[in-house]
Amino acid sequence: MDSSGFNVLIAAHKCMSDAHRWLRLADPQASELRLIELVGLDQVIACHPTVDQALTAWPTPRYPASP
C-alpha cells in the first residue's frame, strides 16, 4: 500500500461519514495493517480480523446518527 491506497481509504471514510455511515476494514493483511497503524489511520477507520467481527463491532459510528 502506498499513498494512493491511503487516499482511497480516507476518501471512502469521508464519503461514508458524510452519509452518516461507517467504514470498517476486515482482515487486512499484516503488512497493510502495520502501515495503517503506523500512519494512525486505524484511529479513524476500525480494523477487524474477520468480516463478522467488523459487522458486529460495538460501538457503531462515532458521529451522530442521521435524523
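A polar contact is a pair of N or O atoms within 3.5 Å; within protein, one atom must be able to donate a hydrogen and the other to accept it, and residues adjacent in sequence count only if both atoms are side-chain atoms. I begin with that definition for the sake of the start of helix H1, where a side-chain oxygen of Asp2 comes to within 3.0 Å of the backbone nitrogen of Ser4.

Some conventions before I continue. This is a predicted model, in which local features need pLDDT of at least 70 and side-chain atom pairs count only at pLDDT 80 or more, while totals for chains, interfaces and linings use all residues. Residues are numbered from 1 along each chain as its sequence is written, and side-chain values use heavy atoms, with hydrogens and water left out.

Let me turn to the overall layout. The chain contains 3 helices and 2 strands, where helices (H or I, at least four residues) and strands (E, at least two) are DSSP runs numbered from the N terminus. Along the sequence they follow the pattern α-β-α-β-α. Of the 67 residues, 19% count as buried; buried means under 20% relative accessible area, exposed over 50%, and partly exposed in between, with a 1.4 Å probe and protein chains only. Contact, as I shall use the word, means heavy atoms within 4.5 Å. Among contacts between residues at least 6 apart in sequence, 54% join residues at least 24 apart.

On confidence: pLDDT is the predictor's confidence in each residue, from 0 to 100. The chain average is 87, and 87% of the residues score at least 70. Among the elements, H1 has the highest mean pLDDT, 95, and helix H3 (residues 51–56) the lowest, 90. Over residues 61–67, pLDDT stays under 50, and for this stretch the model has 12 contacts beyond four places in sequence. Where pLDDT is low, the predicted coordinates should not be read in detail.

I return to H1. This helix has 16 residues and reaches 22 Å from its first C-alpha to its last, close to the 22 Å expected at 1.5 Å a residue; the expected span is 1.5 Å times one less than the number of residues. Which residues of H1 are buried? They are Phe6, Leu9, His13 and Ser17. These residues cover an arc of only 70° around the axis, which puts them on the same side of H1; the arc is that of the directions from the helix axis to the C-beta atoms. An α-helix has 3.6 residues a turn, so residues three or four places apart point the same way. The buried residues of H1 pack against E1 and H2, whereas the face turned away from the buried side carries the exposed residues Val8 and Asp18.

Two residues of that buried side also belong to the largest nonpolar core, whose 6 members are Phe6, Leu9, Leu25, Ile36, Leu41 and Ile45. A nonpolar core is a set of buried Ala, Val, Leu, Ile, Met, Phe, Trp, Tyr and Cys residues joined through side-chain atoms within 4.5 Å. Beyond four places in sequence, Phe6 touches Met1, Leu35, Ile36, Val39 and Leu41. Ile36 lies in helix H2 and is buried because its relative accessibility is 2%. Although Ile36 and Phe6 are 30 residues apart in sequence, their C-alpha atoms are 8.1 Å apart. With neighbours within four places set aside, the contacts of Ile36 are Met1, Phe6, Leu25, Leu41, Asp42 and Cys47. Glu37, also in H2, is partly exposed, with a relative accessible area of 43%.

Next, the loops. Just after H1, His20 takes a positive phi of about 60°. His20 lies in the loop between H1 (3–18) and strand E1 (24–26), and counts as partly exposed because its relative accessibility is 33%. A second non-glycine residue with positive phi is Asp27, at about 55°. Asp27 sits in the loop between E1 and H2 (30–38) and is exposed, with a relative accessible area of 55%.

Is His48, finally, buried or exposed? His48 lies in strand E2 (residues 46–48) and counts as buried, because its relative accessibility is 15%. Leaving out residues up to four places away in sequence, His48 touches Arg24, Leu25, Ala26, Asp27, Pro28, Gln53, Ala54 and Ala57.
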